Amino acid sequence: MSNYDVVKKYFAQWLQMGKRVFISNQNRLVAIDRVIKGEGYSDEFERLWAEMSDPGSGDVYLEGTNENVQDLLRPEWETIVCARCDMLVPCLSAGPRDIPVCPCHDLGCFPNLDSIPARAPVVTNKYLSSIITRLEEAAQRNN
């Protein structure tokens, strides 16, 4: 998965959790209601992502974080999984690392294991095909 796709997934996950995006050149916070639609991202999210990933939008940050989209799209950034919430969090991929501050740090009662977790879009046919392949491989090993 390209860095572009990973950063898009990172923002999609956190928008699903109620985080907002700050777009500096418009001095506005943006939240969206629907991130996932069917087997892809919603039109609302795709429009916001196109605006966010456009260098002309200025600095665009996820609420409660310090890294902007353009920084995260550079190759020296990667995403790791937060030990607390199991969601994506960005960090520098080389050199001394500071412990990244996860966007979950300012969400009360998070993670909430009783709620539906954020997710990426799922292409049903591809997902079901992977299950069939795993079942066939398991059956072959057992024969």
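**Exercise 1. Ser 53 and Pro 55**

Find the loop in which Ser 53 is found, and decide whether Ser 53 is buried or exposed.

Solution.
- Step 1. Ser 53 is found in the loop between H2 and S5. Such labels refer to DSSP runs numbered from the N terminus: helices (H or I) have at least four residues and strands (E) at least two.
- Step 2. The model is predicted: local features need pLDDT of at least 70, side-chain atom pairs count only at pLDDT 80 or more, and totals for chains, interfaces and linings use all residues. Residues are numbered from 1 along each chain as its sequence is written, and side-chain values use heavy atoms, with hydrogens and water left out.
- Step 3. The relative accessibility of Ser 53 is 14%, so Ser 53 counts as buried. With a 1.4 Å probe and protein chains only, buried means under 20% relative accessible area, exposed means over 50%, and partly exposed lies in between.
- Step 4. Leaving aside residues up to four places away in sequence, Ser 53 touches Tyr 4, Val 69 and Gln 70. Contact here means heavy atoms within 4.5 Å.
- Step 5. Pro 55 also has its place in the loop between H2 and S5. Its relative accessible area is 60%, and Pro 55 is therefore exposed. Pro 55 and Gln 70 lie 15 residues apart along the chain, with their C-alpha atoms separated by 6.9 Å.

**Exercise 2. The chain as a whole**

Determine how many helices and strands there are in the chain, and in which order the elements run from the N terminus.

Solution.
- Step 1. The chain has 4 helices and 7 strands.
- Step 2. Read from the N terminus on, the order is α-β-β-β-β-α-β-α-β-β-α.
- Step 3. Of the 143 residues in the chain, 31% are buried.
- Step 4. Among contacts with a separation of 6 or more, 53% join residues 24 or more positions apart.

**Exercise 3. The pair H1 and H2**

Describe how the axes of helix H1 and helix H2 cross, and list the residues through which H1 and H2 meet.

Solution.
- Step 1. Helix H1 covers residues 3-16 and helix H2 residues 43-52; their axes come within 11 Å and cross at roughly 125°. Axes are lines fitted to C-alpha atoms, for helices over the stretch in contact, and angles between N-to-C directions run from 0 to 180 degrees.
- Step 2. H1 and H2 are therefore oblique to each other. Angles under 35 degrees count as roughly parallel, over 145 as roughly antiparallel, 65 to 115 as roughly perpendicular, and the rest as oblique.
- Step 3. From H1, the residues Tyr 4, Val 7, Lys 8, Phe 11, Ala 12 and Leu 15 meet Phe 45, Glu 46, Leu 48, Trp 49 and Met 52 of H2.
- Step 4. The residues of this contact of H1 with H2 comprise 9 nonpolar, no polar and 2 charged ones. Ala, Val, Leu, Ile, Met, Phe, Trp, Tyr, Cys and Pro count as nonpolar, Asp, Glu, Lys and Arg as charged, and the others, Gly among them, as polar.

**Exercise 4. The largest nonpolar core**

Identify the residues with the most contacts inside the largest nonpolar core, and the element that gives the largest share of this core.

Solution.
- Step 1. A nonpolar core is a set of buried Ala, Val, Leu, Ile, Met, Phe, Trp, Tyr and Cys residues joined through side-chain atoms within 4.5 Å.
- Step 2. The largest such core has 31 residues, and Phe 11, Trp 14, Val 21, Val 35, Phe 45 and Met 52 have the most contacts inside it.
- Step 3. Two or more residues of this core come from each of H1, strand S1 (21-23), H2, strand S5 (60-62), helix H3 (69-72) and strand S7 (88-92).
- Step 4. H1 gives the largest share of this core, 6 residues.
- Step 5. Val 21 touches Phe 11, Leu 15, Arg 28, Leu 29, Val 30, Met 52, Val 60, Tyr 61 and Leu 62, with residues up to four places away in sequence not counted.

**Exercise 5. Residues in two further loops**

Locate Thr 65 and Asn 27, and state whether Thr 65 is buried or exposed.

Solution.
- Step 1. Thr 65 is found in the loop between S5 and H3. With 12% relative accessibility, Thr 65 counts as buried.
- Step 2. Thr 65 touches Tyr 10 and Pro 103, residues up to four places away in sequence not being counted. From C-alpha to C-alpha, Thr 65 and Pro 103 are 6.4 Å apart, although 38 residues apart in sequence.
- Step 3. Asn 27 lies in the loop between S1 and strand S2 (28-30). Asn 27 is not a glycine, yet its phi is positive, about 50°. Most residues other than glycine have a negative phi.
- Step 4. Asn 27 counts as exposed, at 60% relative accessibility.
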